[in-house]
Amino acid sequence: MQVAETAQSPSTQRWHRNIRKVAVLGSGVMGSRIACHFANIGVEVLLLDIVPREVTDKEAAAGLSLDHPKVRNRIVNDALTAAIKGKPAALYHKDSAKLIRTGNFDDDFAQIKDCDLILEAVVERLDIKQQVFAKVDEYRQPGSIITTNTSGIPIHMIAEGRSEDFRRHFCGTHFFNPPRYLRLLEIIPGPDTDPGLVDFLMHYGDLFLGKQTVLAKDTPAFIANRVGIYAIAKIFQLVKEMGLTIEEVDRLTGPATGKPKSGTFRLSDLVGLDTTVHVLNGIKQNCPGDEQKDLFEAPAYVQHMLEHKQLGDKTGKGFYFKTTDEKGQRVILSLDLETLEYRPAIKPNIPSLGLVKNTSDLGKRLRILYKAEDKGGEFVRRSSLGIWAYVSHRIPEIADKPYQIDDAIRAGFGWDKGPFETWDMVGLKETLAHFEGEGLKVAAWVHEMLEAGHETFYKTEGGVRKYYDPATQSYETVPGTESLILLDDLRGEKKVWGNSDASVIDLGDGVLNVEFHSKMNSIGEGILKAIHWAIDHAEENGLNGVVIANEGANFSVGANVMLMLMMATQGEWDELNFAVRTFQNTSMRMRTSSVPVVIAPHAMTLGGGCEFTLHADMAVASAETYIGLVEVGVGLIPGGGGTKEMALRASARYSQPGAVGVGVIQEYLMNIATAKVATSAAEARGMDILQAKDRIVLNQSRRIKEAKAAVLELAAAGYTATPARTDIPVLGRGALATLYAGIAGMQYGHYASEHDAKIARKVAYVLCGGDLHGEHNLVSEQYLLDIEREAFLSLAGEKKTMARMQHMLQTGKPLRN
């Protein structure tokens with residue numbers, strides 16, 4: 001993938017850049033993974049690091065000296081190998097590693113002259129960065145872009161002493177770890193940075209790296225860390241003041257309040273307490289005017305942990321300690337902040353969390369928790385008031401606009417909504433009187449905003465998202481949203497049909513969107529009805545087509561397991577048969593409709609979500625799509641057309657000259673029987689879940705706009721209905737016997753349980769087209785759907801299948817029985 005984009009600077013100078021090759025200087029945790037992410041998008045990478053000072057024992061035993069190339073490149077090669085092998089995967093696909101070439105600062109530095117972008121990611125020391133950039137200034141081509149991945153060293157200090165051309169082409173590009181997965185990219189210009197470069201990097205990071213780019217000022221810790229670390233510091237304070245346990249705080253700072261499930265203290269263990277304290281100290285030392293500067297002093301219990309090397313996962317102990325008990329069972333102990341000793345975990349008992357357990361709407365949850373009278377409510381009030389007051393004072397210090405802070409916190413810390421957004425949800429007017437009781441003051445511009453009659457930081461007008469700009473004292477369109485479709489902003493005015501599980505929204509230009517909003521976007525009757533209604537309505541009214549997309553945390557976790565379990569346990573086989581047939585018919589309705597249907601999957605797209613993806617005319621998938629047919633985990637086979645569709649795709653492959661039919665089917669069988677999930681859209685292509693016709697979008701926020709464009713393209717090209725096929729070659733009995741033998745071998749070798757083997761035989765039966773005689777059998781899609789449904793229903797009645805479904809509902813994890 002090559003990048004050729006233009007950005008317009010205020011000076012009217014146009015920036016034309018084709019980023020063909022990138023140099024990454026420094027191969028540590030960040031540098032090696034940034035290199036991998038550039039390789040993910042098809043850019044050639046030169047990754048360099050220092051030369052070792054001495055040989056290892058292993059190198060000495062092999063007779064290698066410091067002059068040997070293997071020794072000289074050991075640091076960079078070991079770092080890259082660790083990044084490639086690490087979890088979560090740094091690469092979309094292992095083949096992308098071929099785009100990364102390694103070297104060292106002494107032998108290969110001159111090669112940066114061939115690079116369009118030079119990105120520094122060495123240790124966080126100003127003197128070392130300045131030494132590296134002095135060398136960059138010597139070897140780079142004039143006009144090449146230079147950036148630093150510093151997490152807080154002032155950009156203007158790093159660039160001191162460099163040439164005029166260097167300073168004009170120099171900028172901060174702060175990635176968050178891990179770079180592939182955390183979407184934030186802060187762009188921090190220096191005093192001499194060309195505005196055209198800033199425009200270009202904001203656009204490049206968004207469109208090609210898939211990032212939420214945020215323009216930050218050259219202030220300590222920039223935006224996300226300044227605000228995010230304040231939030232952690234406030235919690236460090238409240239947990240002691242209120243006598244809470246770390247388990248209670250992690251529950252209160254997790255999904256219940258729209259934050260990652262790691263909560264605060266588990267997140268600290270993952271990141272490293274020393275890293276958190278390093279940023280705390282940096283803000284305290286470098287922000288003497290911060291009204292909350294005293295809060296950035298690490299509390300006594302944190303100092304104790306630092307002294308005793310209780311830093312988290314990197315040292316094996318932190319706020320949590322994974323160990324084994326006297327029976328050898330794995331247990332997780334928690335740190336008691338009073339005794340500073342580890343103890344068994346204590347299950348939180350917070351009544352207010354129970355009140356919001358079944359509330360899917362974040363705004364409703366926050367309002368309930370904020371008003372609650374128990375300790376959970378007090379914690380949510382005090383922590384919320386703290387961060388709301390804090391961010392109000394950070395404008396215009398670290399950012400000029402509220403949306404920049406919200407974007408940075410959502411993308412960098414994984415919050416569902418930023419602080420100004422949550423303040424809107426709870427109510428600005430309703431909370432204003434509560435700050436004084438906490439000894440807090442809100443910035444003057446917020447009071448001025450209210451006095452002018454503006455009661456929210458955001459509002460939607462005509463489907464356009466706007467923010468309040470303190471500088472102009474008016475509402476302005478959020479930049480970049482004009483190139484996106486945001487369902488949240490359309491739902492109120494453009495919803496044309498809906499039920500409790502799904503909504504149909506008019507995207508304009510004759511395109512409808514089916515949005516899921518059931519629990520975890522699980523697929524049940526409501527979603528199936530919505531898809532049928534949207535397609536029927538589009539066909540009957542001469543519309544251009546239908547998009548299936550949503551903005552949930554995950555596209556869909558699959559079919560409603562609870563409903564299937566209820567039918568199976570109650571012996572309602574006719575009802576279950578009807579439900580499965582309806583699911584299959586919905587998949588085929590997408591395939592055979594007279595209008596194009598484009599699906600836009602993202603994140604977890606499992607089971608039924610994957611089956612829908614297989615049947616759409618086109619998928620416009622987020623690069624971060626984790627997709628697969630996982631029904632084996634609940635003791636079933638894919639029954640919504642998924643097994644049929646993989647039989648069809650396998651047939652297309654083994655019908656090619658030279659293909660070995662059984663070998664091809666075995667690949668599809670293994671993917672289904674092991675419930676394999678692709679770890680990226682690129683990997684899904686290798687599994688034949690996504691095909692050449694499908695598109696991959698780097699920036700997840702652009703999926704729906706791209707999917708709508710795809711519908712319009714297909715319609716303009718004269719789209720016609722695709723009839724169900726009746727001419728599918730299948731291999732029948734001969735291939736089936738071979739696959740059965742292999743499955744028996746897996747069972748006897750204890751690689752598969754008896755029930756796993758039974759499920760695998762059912763999958764193989766459908767993939768082979770059943771137990772048909774002869775070598776040249778042609779079957780229809782309906783025939784394959786019928787034997788798929790028959791296999792599904794036969795398994796649903798098994799006690800072990802029902803046990804698997806029950807276990808999945810209770811634990812969220814598959815059971816092997």
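**Notes on the model: cavities, sheets, helix pairs and odd spots**

1. Let me start with a cavity. α9 gives 3 residues to the lining of the second largest cavity, the largest share from any element. Keep in mind that this is a predicted model. The cavity in question, the second largest, has a volume of about 70 Å³. Its lining is made up of Phe38, Leu117, Leu119, Thr147, Thr173, Phe175, Leu185, Ile187, Leu201, Tyr204, Gly205 and Leu209. Which elements give two or more residues to this lining? They are β6, β8 (170-175), β9 (184-189) and α9 (195-207). By class, the lining of the second largest cavity has 9 nonpolar and 3 polar residues, with no charged ones.

2. How many cavities of 30 Å³ or more turn up in a search of the whole structure? There are 4. The largest of them has a volume of about 400 Å³. It is lined by 26 residues, and those closest to its centre are Ala231, Ile235, Thr253, Lys259 and Trp415. Three helices give two or more residues to the lining of the largest cavity: α10 (224-241), α17 (375-393) and α19 (419-426). Here the lining splits into 15 nonpolar, 9 polar and 2 charged residues.

3. Since α19 has come up, here is one of its residues. Asp424 sits in helix α19. If you set aside residues up to four places away in sequence, Asp424 touches Glu455, Thr456, Phe457 and Tyr458. Asp424 and Arg804, on the other hand, are 43 Å apart from C-alpha to C-alpha, with their positions 380 residues apart in sequence.

4. On to the sheets. One is an open sheet of 8 strands with mixed pairing, and if you walk across it the order is β5-β4-β3-β6-β7-β8-β9-β10. Why does one side of β5 and of β10 lack a neighbour in the sheet? β5 (100-104) and β10 (212-215) are the edge strands, each with a single partner, so one side of each is left without a neighbour. From one strand to the next, the twist averages 25°.

5. Within that sheet, have a look at β6 and β7. Strand β6 (residues 117-120) and strand β7 (residues 145-148) run parallel and are joined by 4 bridges. Glu120 stands opposite Thr148 in β7. As a reminder, sheet strands pair through backbone hydrogen bonds, in either the parallel or the antiparallel sense.

6. There is also an open sheet of 3 strands, in the order β11-β12-β13, and its pairing is antiparallel. Its edges are β11 (320-324) and β13 (342-344); each has a single partner strand, so one side of each has no neighbour in the sheet. The twist in the sheet averages 45° from one strand to the next. Strand β12 (residues 330-335) pairs with β13 over 3 bridges in the antiparallel sense, and Leu335 stands opposite Tyr342 in β13.

7. Now for the helix pairs. Helix α1 (residues 29-40) and helix α4 (residues 74-85) have axes that come within 9 Å and cross at roughly 60°. The crossing is right-handed. On the α1 side, Ser32, Arg33 and Cys36 do the touching, and they meet Ala79, Leu80, Ala82, Ala83 and Ile84 of α4. That contact comes out at 6 nonpolar, 1 polar and 1 charged residues.

8. The other pair is helix α23 (residues 525-540) with helix α25 (residues 573-592), packed at an angle of about 35° with axes 10 Å apart. Is the crossing of α23 and α25 left-handed or right-handed? This one is left-handed. From α23 the contact takes Leu528, Ile531, His532, Ile535, Asp536 and Glu539, and from α25 it takes Thr582, Phe583, Asn585, Thr586, Arg589 and Met590. The residues of this contact divide into 5 nonpolar, 4 polar and 3 charged.

9. Finally, some backbone spots to check by eye. The peptide bond from Asn177 to Pro178 is cis, with omega near 0°; Pro178 lies in the loop between β8 and β9. Ile395 and Pro396 are also joined by a cis peptide bond, where omega is about 10°, and Pro396 falls in the loop between α17 and α18 (402-413). Asn521 has a phi near 55°, a positive value in a residue other than glycine. You will find Asn521 in the loop between β19 (511-516) and α23.

Technical notes
Residues are numbered from 1 along each chain as its sequence is written. This is a predicted model: local features need pLDDT of at least 70, side-chain atom pairs count only at pLDDT 80 or more; totals for chains, interfaces and linings use all residues. Side-chain values use heavy atoms; hydrogens and water are left out. Two strands pair if DSSP finds at least two bridges between them. Axes are lines fitted to C-alpha atoms, for helices over the stretch in contact, and angles run from 0 to 180 degrees between N-to-C directions. A crossing is left-handed if the near helix is turned anticlockwise from the far one by less than a right angle, and right-handed if clockwise. Contact means heavy atoms within 4.5 Å. Ala, Val, Leu, Ile, Met, Phe, Trp, Tyr, Cys and Pro count as nonpolar, Asp, Glu, Lys and Arg as charged, and the others, Gly among them, as polar. On a 1 Å grid over the protein atoms alone, a cavity is a set of points where a 1.4 Å probe fits but cannot get out, and a pocket is an open set with protein on both sides within 12 Å along at least five of seven lines; lining residues have an atom within 4 Å of a point. Grid points are joined across faces, edges and corners, and a volume is the space filled by probe spheres set on the points.
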